[in-house]
Amino acid sequence: MKRIVLVGFLGLVFMSQGFAAERSFPSIGVGITGGTLGVGLTVTVPVLSVLNARFVGSGLGFDIDVDIDDSDGIDNNELAFEGDITLGASGAVLDYHPFRNGFRASAGLLYTFNNFDGTAVCDQIVCEFGGQPAVVGQGDRLRGEVDYSGVAPYIGMGWGDAIDKAGRWSFSADLGAMFTGSPNVSVRCTQVSTGGAALGLCDRQAEQEEDALEDEVGDFDVYPVVSIGFAYRF
């Protein structure tokens, strides 16, 4: 048994030396990217002569501030909406270089934390909610969230080999898709000043709005991934 383990270990050593000899250049590339998942960092290491492993992490957050005009839901142009949008993902991708150049076909798993969270405030005497007048009044607040967080398979193609021996700097571009599945949706009344009866009606309307929003965004279960970047090999 010990002999088998020893032979296996020596075999792995010789294989790794063979790969290193074939790719006689620094074996790590560090890059920066920007795209639909925000700004990120990448670390690329060789696996085989035509296969690299790329570890990625990116993110971006920003605020939005708009007035809502939605005849099917919250309307009258008097709801001020403030929200936060968070985009990003982290994980590992395998890059296959079939032509031994920069072209690559990629597949992997990413953990995405794409999220939309915001609050609408009624700025007039009465704002309709789900077609029901006088449910929420001036100063009342409604909160909604669309959350895509979770593990998502990724496939794509692009250009770039961060550990190519032809120069230390390299350019990269990727076009792909992240299969996120349907998001978790939440709509709730956080403040209704006119009392318990109105709050109960608002909660029921919130459930209906939540169901309607789930139907609307349920088909958006694929997130496009587009990015460009640069890398430096060490």
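This section describes the nonpolar core, the buried salt bridges and the surface patches of a predicted model.

The largest nonpolar core comprises 11 residues: Leu37, Ile85, Leu87, Ala89, Val93, Leu110, Ala152, Tyr154, Met178, Tyr223 and Val225. Two or more of these residues come from each of the strands β4 (79-96), β10 (150-159) and β13 (222-233). The greatest contribution is that of β4, which provides four residues.

Four salt bridges were identified in the model. In one of them, the side chains of Asp95 and Arg54 meet at 2.6 Å, N to O. Asp95 belongs to strand β4 and Arg54 to strand β3 (residues 51-68), so this pair ties together parts lying 41 residues apart in sequence. Asp95 counts as buried because its relative accessibility is 2%, and Arg54, at 9%, is likewise classed as buried. Arg54 also forms a salt bridge with Asp174 (3.6 Å, N to O); this contact links strand β3 to strand β11 across 120 residues. Asp174 in turn pairs with Arg104, with the closest N and O atoms 2.5 Å apart. Arg104 is located in strand β5 (residues 103-112) and Asp174 in strand β11, so the pair connects parts separated by 70 residues in sequence. Relative accessibilities of 7% for Asp174 and 4% for Arg104 place both residues in the buried class. Through shared partners, Arg54, Asp95, Arg104 and Asp174 are joined into one network.

At the surface, Ile32, Leu41, Trp159, Trp169, Phe171, Ile228 and Phe230 make a nonpolar patch of about 830 Å². Strands β11 (169-179) and β13 each supply at least two of its residues, and Ile228 lies in β13. A negative surface patch is formed by Asp203, Glu207, Asp211, Glu214, Asp215, Glu216, Asp219 and Asp221. Within this patch, Glu207 is situated in helix α2 (residues 196-217) and counts as exposed, at 53% relative accessibility.

Technical notes: Residues are numbered from 1 along each chain as its sequence is written. This is a predicted model: local features need pLDDT of at least 70, side-chain atom pairs count only at pLDDT 80 or more; totals for chains, interfaces and linings use all residues. Side-chain values use heavy atoms; hydrogens and water are left out. Patches are made of residues with over 30% relative accessible area and no salt bridge: like charges are joined within 9 Å, nonpolar side chains (Val, Leu, Ile, Met, Phe, Trp, Tyr) within 5 Å. Accessible areas come from the Shrake-Rupley method with a 1.4 Å probe; for residues, only the protein chains shown count as cover. Lys and Arg count as positive and Asp and Glu as negative; His and the chain ends are not counted. The place of a charge is taken as NZ of Lys, CZ of Arg, CG of Asp or CD of Glu. Buried means under 20% relative accessible area, exposed over 50%, partly exposed in between (1.4 Å probe, protein chains only). A nonpolar core is a set of buried Ala, Val, Leu, Ile, Met, Phe, Trp, Tyr and Cys residues joined through side-chain atoms within 4.5 Å.
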